[in-house]
Amino acid sequence: MTISIRSVEKKFGRYPALNSVNLEIADGELVALLGPSGSGKTTLLRTIAGLEFPDAGQVLFEGQDVTFASAAARRVGFVFQQYALFKHMTVARNIAFGLDVRKGKDKPPKAEIARRVDELLKLVELEGLGKRYPSQLSGGQRQRVALSRALAVQPSVLLLDEPFGALDATVRKSLRKELRRVHDATGVTTIFVTHDQEEALELADRVAILNAGRIEQIGTPHEVHDNPATPFVCGFVGEANRFEGTVSGGRFTSGPVILPAPDAAGGAALAFVRPHDLVLDAEGFAAKVERVVIQGPLANVDASLPDGRRIEICAARDEAAKFSSDIRLSARRAHVFAA
Amino acid sequence: MAVATKADFRHPTDDPLWAKIVIIGLVLAFLGLVLILPLVAVFAEALRKGLGPALDAVATPDAWAAIKLTLITAGIAVPFNALFGLCAAWAIAKHDFPGKPLLITLIDLPFSVSPVVAGLIYVLVFGLQGWFGEHLIDHDIKIIFAVPGIVLATIFVTFPFIARELIPLMQEQGVSEEEAAVSMGASGLYTFWRVTAPNVRWGLLYGVLLCNARAMGEFGAVSVVSGHIRGLTNTMPLHVEILYNEYDFVSAFAVAALLCLLAIVTLVLKSVLEIAQPDVKRGGGH
């Protein structure tokens, strides 16, 4: 199922939630909508689902205009942030709900529904838990039930709103892999909303980064990380040290800090440097090490510039000893934007 | 530095012992004076001449008629308000529409209006000199000084109870379960019966019990529209008043005691519900 979002606008009162959003999603893709809270990512997801209707613009499914079609007519599977499982129904009844509500010849026979429920429980590795109630499940298990309930209707597109938001870190990680596995097994076009960049970068084929109701950049995780299109993306995706300064003659200068800016136009500019792009260099600018934290194979270094600004450096653990007190640094690479 | 004693490990928000004693004592004294003492007095007065006369007072035809009328009135008013409360709570908690704050205020109106005024409203509308008075006489329909008026007045006075119980409950539950149901193709009605209603059934029952207790005990509004016709339009609270005014204290207190018993049974049921369903306020679930 291909999905096209064309110039979609949505206002809540006077507050614009979506501002002329365009997005093309290919069949079978796994796309993340990434942004801070209030960026409009959930509104965009709900607009695709048919739970919210745009003030202007179009939503197309497979070239068909579904802008004002109901969620049911669009055949979307939606996984809600807090799962929204039916508390008074067993897991099996929850999963079967989308099939149970069908009428007449569209409704599969009982045995067929039961078979489908078993199949889905197996897909999300919850075999044998069909008779439990949602309150008897852990957070991760509830999430899986919500996922299989959404898949039960064989949706044309699977939509997930902050699917891992309410889970602890370990469960989060394993469910991420699980979602990827389920997506690959079913091949259903999938869109999920997250504010966690790590989650988006790890899981998605492509990431759309939203800010203040606009899409700032769409690209593969690799692209948005290595070639951020805007200062916002640069600051939001991945860690970055931010400098304000000026560009002249292919060099960015901010006080003592000098960074390479071969392609930037002259004038006032903003520069971002990833912590791992800062390297020890006897010819570089001076900094004072304040703290070295070893995290697995990495050494994260907090340092300060002579004028008091703080910077972060990330190096290999073996290099930790070299960050004794006074160091000199240079940047292998910087992302420079005209201010 | 002094060695820490057990007293140093009090809960941070705990009050000193003397304060607890004073506060709890005050509450108990107040409760005893304004609640327990009168309740005991009702039963003591009713049984002053023994159980026999008390039972006789309750068994008179007029008393029976009053009991029956009270039960009929509650039997109509409570289901009506349950239906209204469900609809109103559903509309307010699950939907957005213009004028919603106004509707919420209107639902509270019976709480803020004096019951006597509530009764007078119906007299003004349906009474002999009222707006529809002549029309009603022409068609031989009796509302004021008859059962329909009593039921209407009771409905008016008790109608916030169930809605007020359900609105916060439904609001807290949010709309995502309903959205989930609708996104899977469920119709509005199917969603209501299969998703919304089961989630609020305990809150609904709780509201029904409270509403019932109030409906049986309503005096002011009913007194205005009833006409106090013995054996016909007297509910239990009105019957108590009449007996008392006739200095028939034993009978008055006997009927009052019965009314108290009904209320106590309701409250006991309510407590049993709360114990059986610890999260009754949240309508079950996790």
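Which residue in the turn of the hairpin formed by β9(A) and β10(A) has a positive phi? Hold that thought for a second, and hello everyone. Before I answer, please keep in mind that what we are looking at is a predicted model.

Right, the answer is A212(A), with a phi of about 45°. The hairpin has two residues between its strands. Strand β9 covers residues 206–211 of chain A, strand β10 covers residues 214–219, and the two are joined by five bridges in the antiparallel sense. If you want a pair to click on, try I209(A), which sits opposite Q217(A) in β10(A).

While we are on strands, let me show you the sheet in chain A. There are four strands in an open sheet, in the order β2-β1-β4-β5, and the pairing is antiparallel. Why does one side of β2 and of β5 in chain A lack a neighbour in the sheet? These two strands, β2 (15–25) and β5 (64–65), stand at the edges and have a single partner strand each, so one side of each is left open in that sense. As a reminder, strands in a sheet pair through backbone hydrogen bonds, either parallel or antiparallel.

For β2(A), a pairing to look at is the one with β1(A), residues 3–12: seven bridges, running antiparallel. Within that pairing, K11(A) has P16(A) in β2(A) as its bridge partner.

Now let's zoom out to the domains of chain A. The assignment gives domain 1 as 3–235 and domain 2 as 241–338. Taken over C-alpha atoms, their centres are 39 Å apart. The contact between them draws nine residues from domain 1 of chain A and six from domain 2 of chain A. In area terms, the two domains bury about 600 Å² between them, with 68% of it on carbon and sulfur atoms.

Which three residues supply the most of what domain 1 of chain A buries against domain 2 of chain A? They are H225(A), P231(A) and C234(A), and together they supply 72% of that area, more than any other three residues. As for specific interactions across this interface, we find zero salt bridges but two residue pairs in polar contact. On the domain 1 side, the elements giving two or more residues are α8 (221–226) and α9 (231–236) of chain A. By class, that side splits into five nonpolar, three polar and one charged residue.

Over to chain B. Here domain 1 is 1–46 and domain 2 is 53–282. The C-alpha centres of these two domains are separated by 34 Å. Five residues of domain 1 of chain B and nine of domain 2 of chain B take part in the contact. The buried area is about 600 Å², and carbon and sulfur atoms account for 86% of it. On the domain 1 side of chain B, V42(B), F43(B) and A46(B) supply 70% of the area buried against domain 2, more than any other three residues.

How many salt bridges are there between domain 1 of chain B and domain 2 of chain B? Zero, and the count of residue pairs in polar contact is zero too. The side of domain 1 of chain B that touches domain 2 is made up of four nonpolar residues, no polar ones and one charged.

Last stop: the place where the two chains meet. In this contact, 19 residues of chain B touch 21 residues of chain A. The size of an interface is often given as the accessible area lost when the parts come together. Between chain B and chain A, that area is about 1,800 Å², and carbon and sulfur atoms give 66% of it.

This interface does have salt bridges, two by the rule we use. One to pull up on screen joins the side chains of R46(A) and E179(B), at 2.5 Å from N to O. There are also three residue pairs in polar contact between the chains. On the chain B side, α9 (176–183) and α10 (188–199) are the elements giving two or more residues. Of these, α9(B) gives the most, with seven residues. Sorted by class, the chain B side has eight nonpolar, seven polar and four charged residues.

That's my tour, thanks for listening, and I'm happy to take questions.

Technical notes:
Residues numbered from 1 in each chain as written. Chains lettered and ligands numbered in written order. Predicted model: local features only at pLDDT ≥ 70, side-chain atom pairs only at ≥ 80, totals over all residues. Heavy atoms only, no water. Domains from an automatic or database assignment. Contact = heavy atoms within 4.5 Å. Buried area = accessible area lost by both parts, 1.4 Å probe. Salt bridge = Lys/Arg side-chain N within 4 Å of Asp/Glu carboxyl O. Polar contact = N/O pair within 3.5 Å; in protein donor to acceptor, adjacent residues only side chain to side chain. Nonpolar A, V, L, I, M, F, W, Y, C, P; charged D, E, K, R; others polar. Pairing = 2+ DSSP bridges.
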